[in-house]
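Trainee: Please take one part of this model and go through it slowly. After that, show me how other parts and the whole chain can be described in the same plain way.

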Amino acid sequence: MGAVRVEASGEVAAEEDLSGELFELAVGYVYSAALQAAARFRIADLLAGGPRTCGELAESAGVDGASLQRVLRYLATKGVFREDGAGRFHLTPLADPLRCDAPRSLRDFVLMRGEDIFWRPAGRLHEAVRTGGTVFEDLFGVPFYDYLAADPALAARFNASMAAFSDTLSDDVARAYDFSAAGGGTGHVVDVGGGRGGLLRAVLRRHPGLTGVLFELPSVVADHVLDDPGLAGRWRAVAGSFFDAVPAGGDVYLLKHVLASWPDEEAVRILAECRRAMAGHARLLVVNALIPQGNAPHPGKSIDAMMMTVLNGKGRTRDEYEALLDRAGLTVTRVLPVSPHAAVIEAARAERAAVG
């Protein structure tokens with residue numbers, strides 16, 4: 001029975017019992033595990049041709065039918081798949097991105113979040129809150145990126161998961177920002193810490209007069225996605241660390257989903273290296289989610305909570321990003337909303353240098 005409350009009129013009214021909703025939040029980790037199981041066994045791909053029973057799905061996937069039915073029944077309560085009166089499961093719009101060949105597939109992203117490097121630290125979030133630091137090193141002995149560097153196969157899966165998450169955003173950024181203005185339409189773009197080059201590829205495809213450089217760590221840049229016949233002769237892949245130096249000569253510098261992975265001091269170092277490489281006319285584009293005020297759900301808030309467990313980075317508000325840029329000797333010229341997952345913060349060199 002729900003609690004009661006007394007209205008201003010003095011009447012007693014039943015108050016909504018939210019214990020069920022709180023229960024669902026408490027067991028939310030099971031939902032994540034169920035989602036990862038469905039992705040692992042390619043259930044969305046098996047349903048792409050039409051509805052199927054759990055027996056048919058289990059035979060194709062090589063799993064236990066009764067157990068699969070229980071998992072899919074649970075996911076269906078969240079809108080991921082739908083069971084009809086005949087016991088057949090259907091693909092839903094929410095489940096469609098779990099398909100390997102979906103235009104905006106998130107299967108690799110979902111699978112990676114079920115790996116130990118994310119799953120185990122999430123269970124220690126309370127320690128991150130207590131200490132103010134990440135729990136990843138306590139569990140695995142080394143920082144997150146060092147751990148990835150020692151396991152090339154895991155690093156490849158991680159990079160693929162990030163590409164799955166960001167490829168759609170890359171197209172949105174390439175469309176939203178007027179890159180054609182760079183260098184009079186024949187400018188040079190430097191993608192700093194650009195992963196496998198998804199954003200640079202999207203920019204060069206949309207703006208055929210531009211050239212570009214993908215600048216990344218050797219282990220990442222070797223797996224680039226720029227071998228597109230339509231881009232031949234217009235790009236270079238350069239290995240290096242943005243803590244040491246950034247390639248000079250760019251009209252536009254890109255930092256997409258980089259700064260949120262680092263604490264303030266390292267973020268300022270990265271920005272300062274970009275500033276050092278920039279000519280007076282050049283622009284820097286910081287692409288990250290901007291955490292808004294208020295209590296509404298937002299992807300930036302989710303990413304920020306995840307960052308607390310695996311990295312020393314954090315999500316930031318617009319004011320916080322502007323403060324970092326100012327410390328690095330850069331000034332914000334405009335901010336372009338792109339999607340809930342990111343905005344484009346355009347910055348230019350300030351007259352003064354970095355202030356540390």
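Mentor: Two strands count as a pair if DSSP finds at least two bridges between them. With that in hand, we can look at one sheet of this model, which is predicted. The sheet is open and has 3 strands, in the order β3-β5-β4. The pairing in this sheet is antiparallel. Strands of a sheet pair through backbone hydrogen bonds, and the pairing can be parallel or antiparallel.

Which strands are at the edges? They are β3, residues 52-53, and β4, residues 82-83. Each of these two pairs on one side only. In the order of the sheet, β5 stands between β3 and β4. Strand β5 covers residues 88-90, and 2 bridges join β3 to β5. These two strands run antiparallel. To find one of the partners in the model, start at T53: its bridge partner in β5 is R88.

Now turn from strands to a helix. E127 has its place in helix α8, which spans residues 125-131. The side chains of E127 and R130 are joined by a polar contact of 2.8 Å. If neighbours within four places in sequence are set aside, E127 is in contact with G132 and V135.

A second helix, α12, runs over residues 198-206. Is α12 largely enclosed or largely open, and why? Buried means under 20% relative accessible area. Of the 9 residues of α12, 7 are buried, so the helix is largely enclosed by the rest of the structure. The buried residues are G198, L199, L200, R201, A202, V203 and L204. Their cover includes helix α11 (152-176) and the strands β6 (188-192), β7 (211-216), β8 (235-239) and β9 (252-256).

Last comes the chain as a whole. It has 356 residues, and 42% of them count as buried. Its secondary structure comes to 16 helices and 12 strands. Along the principal axes, the C-alpha atoms fill a box of roughly 65 × 60 × 45 Å. Among contacts with a separation of 6 or more, 62% are between residues 24 or more positions apart. The accessible surface is about 17,600 Å², and carbon and sulfur atoms account for 54% of that surface. As for charge, there are 37 positive and 45 negative side chains. The centres of these two sets lie 4 Å apart.

Definitions and conventions:
Residues are numbered from 1 along each chain as its sequence is written. This is a predicted model: local features need pLDDT of at least 70, side-chain atom pairs count only at pLDDT 80 or more; totals for chains, interfaces and linings use all residues. Side-chain values use heavy atoms; hydrogens and water are left out. Helices (H or I, at least four residues) and strands (E, at least two) are DSSP runs, numbered from the N terminus. Buried means under 20% relative accessible area, exposed over 50%, partly exposed in between (1.4 Å probe, protein chains only). Contact means heavy atoms within 4.5 Å. Accessible areas come from the Shrake-Rupley method with a 1.4 Å probe; for residues, only the protein chains shown count as cover. Lys and Arg count as positive and Asp and Glu as negative; His and the chain ends are not counted. The place of a charge is taken as NZ of Lys, CZ of Arg, CG of Asp or CD of Glu. A polar contact is a pair of N or O atoms within 3.5 Å; within protein, one must be able to donate a hydrogen and the other to accept it, and residues adjacent in sequence count only if both atoms are side-chain atoms.
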